[in-house]
Structures are given as structure tokens and as C-alpha cells.
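Please report on the fold and the ligand site of the structure shown here. Cover the sheet strand by strand, then the ligand shell, then a few single residues.

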Amino acid sequence: MFEKITAAPADPILGLTEEFKKDTRPEKINLGVGIYKDESGNTPVLATVKKAEAILLEKETTKSYLSIPGTAEYGLAVQQLLFGADASIISDKRAQTAQAPGGTGALRVAAEFIKRQLGDVKVWISNPTWANHMGVFKAAGLETAQYAYYDAETKDMDFDSALADLANAAPGDIVLLHGCCHNPTGIDPDAAQWQKLAELCVEKQLLPMFDFAYQGFAKGVEEDAQGLRIFAAQCKELLVASSFSKNFGLYNERVGAFTLVAESNELAVTAFSQVKSIARVIYSNPPAHGAAIVTEILNDAALRAEWEQEVADMRDRIQEMRTLFVQTLKDLGVEADFSFIERQNGMFSFSGLNKDQVNRLKEEFGIYIVGSGRISVAGMTKSNMPPLCKGIAAVL
Ligand code: LMR
């Protein structure tokens, strides 16, 4: 029966990591997947995660199933991170949160919820976006459309075109927004632009959905929620997919959350009952460990402060690499202006390198970056910077 099956194409991001692992060149550099590396090129377990795990080892009394949406403590901790500890959305119980297996799991639950409960609406996705977005929504049978986001000339957000494209959305359509650290461009709207986007969604009756995977990697944990909170102040309904892969370094624990905000507690509870039945038929109930770690850290004032410092350290190191990257290219005599890299947020930058250059970097120099030209700045270190920049200078 299986003879008829043809091979699926490799994943543009995770497939690259598989190729990288097979590469035997010792000087190879992986700037493909978004994984934070420290100065020695390692992805360590955060100190606060280790501490929380030690507490959990003592505290844990059972491995019995969680409920379908996970624990209430986790749901509340996630909501406080998103909307702020004193948000009325929380006190009015307008938000309901389901723990999900990673940000992708949260997105997939959201996609199923949209398809089953909101019908044949379109999901508007930024162009460009994370390589997996389109696939997740299509897998749920949803139609997608793109709105302009990036101006290749100015290396900035093409805000006017974004607004113009979104003006074509129909009432009920979904607008997918990156909470911060837009993946792949590293360019986020400013407060005034968030405001305009929120107004557009209200005016055109569009449902905003935030993919929030890098909270803390732009300016700070609270600061990075600015866009979401501007929307939350204006929109009666919104959806959020959270990921804690990056800001807690819990990549392989698959810990994320799907949060639904409705106009009232009653409406939220009813809509959320559908979310629960979706989760039940996909993964039944979520894995416990990662969410227990996140809950432990966020609910302990000392651990939380230490975690915020750990996030700040990761953020600062990435920023330092941005500056060093731009300087090293300059020192090598590269004439093209890469200063935009310093202005961008989070793990990624859109380098402007084309497919041929990306291929040459891989074949000739063992430097792996995503085909779109997205570079994971989080994978740069002081020691891989000279060979990296020499490779880029050679292919430019
Ligand atoms: C990325 O964009 O590199 C990460 O979000 C990892 C992934 O799953 O693609």
C-alpha cells in the first residue's frame, strides 16, 4: 500500500537542522532554527528552570492526567504575563486559557477552533511570516491571505501597504499578528501603529489573533506585551497563541498556551468548551512538566525576578551580536549597509541574502541559514563571527 506514497519536502527550518547535523565540517555554523545559544555555542537549561525542577521533584505527588485545558494556576499565570497582573480582562474572567503542546500546538488548536466555530473565514498572515504558519492554518482547512509587511528597500515595515491590504479583509476574518520580534523580519509595529491596527480590526470587525513566542526578547517581558495590550483595550474578542520555548528555554518540553478572550465570562466559557473538545481529539490533555516549571517560576517572586534577569541576559547578548555582526562586516570592507540589523528585535533578522547566496553559504562555508535569508542572530557568538562574516562577504 505504501508504494504510492511520495516523499514530503523537508521542513524549511527543522529540515535544515537535520542537514546541519549530518554535515561533518567542524567549522559549520547553524543560524537556521531559532534556538538561543550562549557565548560557548550551547543552549543551556536556565538556572531558574533547574531550581523550579528541583522544587517540583520534591513537591510532585502524582503523574495522573491533567484536565483537558491543564491547570488553572498555569492558565492564570499565562494571562497575567499577557495582559498584566491587574488586567480587567482577568478579573472579569473574560479570558480562558488552555495549556497546549508548544506554540505550534496552540496555533493548531486555534486554527481548528476558527474553522469549526467561525466558519469559512480567511486568515490574514503577514508577508513574510514564520514558515510554518501557512501549513498550520491550511491543515485545519482554512483559507489564508497575505498582507504586506516588509519593505525590502527601506528594510522596515511597510505599514501603509499592510493597512491597505487588511482593508480588503471581510468582517469575521482573522488577522494574525506577531506579538513582538516578528519572525522572520525582527521588525515590530510601534505603539501608534499597533493602535492603528487595532482600530482597523474594530472598524472592519476583524478578529485579531496574536502569535506570541518571543515575549521578553525585544525590550522586556512587560514592554513586549504593549501591542497585545493595546488590542486588548479595544477589542471585545481576541485569540493568543503563546510559546515558552524561547523565553524559558523549554524547547523540548513543548509548553505553550491558547488563550481566548470574549466579551463576557459567559461567552468565554461557552466558546472555551469547544476549545476543550478540540484538544480532546488531538492530544486529549497536555503534558505537565513544562507548564509546571513555568507556573513555579512565575508564581514565586524571587524566581520570577531571576528569570526576568535571565531573559534580559539572553536579549542583551543577542543585541551585542547584532552590533558585532554589523561592525565585523564593515571591518571586512563589505560596502552594503547592514546597519538595519541593529534596529531589529529578537532572535531573527531578514538579511536580504538571496537563495543563491544562502546556498553558497551552506555548500562552500558550512553556514546554514533559512532559504528566505532569515538569520538567527541568537546563534551568533564572538568565536563564530569572523568565519560567518567572511563567508557572507564572499558571497555578496
Ligand atoms: C523558528 O522559527 O526557527 C522556531 O520557531 C522553531 C520552529 O519550530 O520553526
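## Sheet, ligand shell and loops

Strand β2 sends Ala95, Thr97, Gln99 and Pro101 one way, and Gln96, Ala98 and Ala100 the other way; all are buried. In a regular strand the side chains alternate between the two faces of the sheet. Seven of the seven residues of β2 are buried, so β2 is largely enclosed by the rest of the structure. All of this comes from a predicted model.

**The sheet.** β2 belongs to an open sheet of seven strands. The strand order is β2-β10-β9-β8-β7-β3-β4, and the pairing is mixed. The edges are β2 (95–101) and β4 (143–148). Each has a single partner strand, so one side of each is left without a neighbour in the sheet. On average, neighbouring strands of this sheet are turned by 25° against each other, direction ignored.

Several of the strand pairs are listed below.

| Strand pair | Sense | Bridges |
|---|---|---|
| β2 and β10 (residues 255–261) | antiparallel | seven bridges |
| β3 (residues 122–127) and β4 | parallel | six bridges |
| β7 (residues 174–178) and β8 | parallel | five bridges |
| β8 and β9 (residues 238–243) | parallel | four bridges |

Specific residues fix the register of these pairs. Ala95 of β2 stands opposite Val261 in β10. Val123 has Thr144 in β4 as its bridge partner. Val175 stands opposite Pro208 in β8. Phe212 stands opposite Ser242 in β9.

**Strand β8 and its crossovers.** How many residues of β8 (residues 207–212) are buried? Six of the six are, so this strand is largely enclosed by the rest of the structure. Leu207, Met209 and Asp211 point one way from β8. Pro208, Phe210 and Phe212 point the other way. Both sets are buried.

β8 also takes part in two β-α-β connections. β7, helix α8 (residues 191–204) and β8 make a right-handed unit. From β8 the chain then crosses through helix α9 (residues 226–234) to β9, and this crossover is right-handed too.

**The ligand shell.** Which residues surround the ligand? They are Ile13, Val33, Gly34, Trp130, Asn132 and Asn183. By class, this shell has three nonpolar and three polar residues, and no charged ones. Domain 1 (10–44 + 312–395) gives residues to the shell, and domain 2 (65–299) does as well, so the ligand lies between them.

**Two loop residues.** Lys155 lies in the loop between β5 (150–151) and β6 (156–157). Is Lys155 buried or exposed? Lys155 has 21 C-beta neighbours inside 10 Å, so this residue counts as buried; the cut-off is 20 or more. Its C-alpha atom is separated by 9.0 Å from that of Ile341, although the two residues are 186 apart along the chain.

Glu27 sits in the loop between α1 (14–22) and β1 (29–30). Here 12 other C-beta atoms lie within 10 Å, so Glu27 is exposed; 12 or fewer is the cut-off. The C-alpha atoms of Glu27 and Leu238 are separated by 46 Å, and these residues are 211 apart along the chain.

**In short.** The ligand lies between domain 1 and domain 2. The seven-strand sheet has β2 and β4 at its edges. β8 pairs with β7 and with β9. Of the two loop residues, Lys155 counts as buried, whereas Glu27 is exposed.

Note on methods:
Residues numbered from 1 in each chain as written. Predicted model: local features only at pLDDT ≥ 70, side-chain atom pairs only at ≥ 80, totals over all residues. Near = placed C-beta within 6 Å. Nonpolar A, V, L, I, M, F, W, Y, C, P; charged D, E, K, R; others polar. Domains from an automatic or database assignment. Pairing = 2+ DSSP bridges. Axes fitted to C-alpha atoms, helices over the stretch in contact; angles between N-to-C directions. Right-handed = clockwise from strand over helix to strand, strands pointing away.
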